[in-house]
Amino acid sequence: MQRSRGAQAPRDRKENVMYPEFIAIYAGLAVVLVLLIVILILQICILRNGGGSGSAHRRPVRGGQNSVAFCRNCAARLNASDRVCPQCGTPR
């Protein structure tokens, strides 16, 4: 009682069935994957265009008489009118 090659037992057919209860999970995974790809593309575009509004590319604020500045060499406090550090002589 050998079976022919073309015939399959009913239990063999069950292995190839896609379960409909997993369709929502697959759809959710596809949505998450698409969102991650979009976020990655946006991040790359932002980094290529100079970082957007990041603090590394902001211009320093020029204040009035109440502005406080510090020497980048010795960290001494500078007045608004000082062109060089009074302690170490480093240009502003």
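## A first look

Is tyrosine 26 buried, partly exposed or exposed? With a relative accessibility of 45%, tyrosine 26 counts as partly exposed, because that label covers values between 20% and 50%. Keep in mind as you read that this is a predicted model.

Now for the chain as a whole. Its secondary structure comes to two helices and two strands, and going along from the N terminus you meet them in the order α-α-β-β. The chain has 92 residues, and buried ones make up 8% of them. About 9000 Å² of the chain is exposed, with carbon and sulfur atoms supplying 57% of that area.

Here's a number to think about: take the contacts with a separation of 6 or more, and residues 24 or more positions apart account for 0% of them.

## Helix H2

Helix H2 covers residues 23–48. How far apart are its end C-alpha atoms? They are 38 Å apart, and this agrees with what you'd expect, because 26 residues at 1.5 Å a residue should span 38 Å.

Isoleucine 23 lies in this helix and is partly exposed, at 48% relative accessible area. Just after H2 comes glycine 50, which takes a positive phi of about 95 degrees.

## Rings in a cluster

Let's get back to tyrosine 26. Together with Tyr19 and Phe22, Tyr26 forms one aromatic cluster. To describe a pair of aromatic rings, you give the distance of the centres and the angle of the planes. The count here comes to two aromatic pairs. One of them joins tyrosine 19 and phenylalanine 22, an edge-to-face pair with 6.0 Å from centre to centre and 90 degrees between the planes. Phenylalanine 22 also pairs with tyrosine 26: the centres are 6.4 Å apart and the planes sit at 50 degrees, so this pair is tilted.

How covered up are the partners of tyrosine 26? Tyrosine 19 is partly exposed, at 42% relative accessibility, and phenylalanine 22 is partly exposed as well, with 35% relative accessible area.

## A nonpolar patch

Which residues make the nonpolar surface patch? Met18, Tyr19, Phe22, Ile23, Ile25, Tyr26 and Leu29 do, and the patch comes to about 730 Å². You've already met some of these names: Tyr19, Phe22 and Tyr26 are the members of the aromatic cluster, and isoleucine 23 is the one from H2 described above.

## Around the strands

After H2, the chain goes through a loop to strand S1 (69–70), and valine 68 has its place in that loop. Valine 68 is partly exposed, at 42% relative accessibility. How far is valine 68 from asparagine 79 in space? Their C-alpha atoms are 6.8 Å apart, while in sequence the two are 11 residues apart.

Next, look at the loop between S1 and strand S2 (77–78), where alanine 75 lies. Alanine 75 has a positive phi of about 65 degrees, although it is not a glycine. This alanine is exposed, because its relative accessible area is 53% and the label applies over 50%.

Terms used: Residues numbered from 1 in each chain as written. Predicted model: local features only at pLDDT ≥ 70, side-chain atom pairs only at ≥ 80, totals over all residues. Heavy atoms only, no water. Patch = residues over 30% accessible without salt bridge, like charges linked within 9 Å, V, L, I, M, F, W, Y side chains within 5 Å. Areas by Shrake-Rupley, 256 points an atom, 1.4 Å probe, with all protein chains shown as cover. Salt bridge = Lys/Arg side-chain N within 4 Å of Asp/Glu carboxyl O. Helix = DSSP H or I, 4+ residues; strand = E, 2+ residues; numbered from the N terminus. Buried < 20%, exposed > 50% of the residue type's maximum accessible area, 1.4 Å probe, protein only. Contact = heavy atoms within 4.5 Å. Expected span 1.5 Å × (residues − 1). Phe/Tyr/Trp six-rings, centres within 6.5 Å; stacked < 30°, edge-to-face > 60°.
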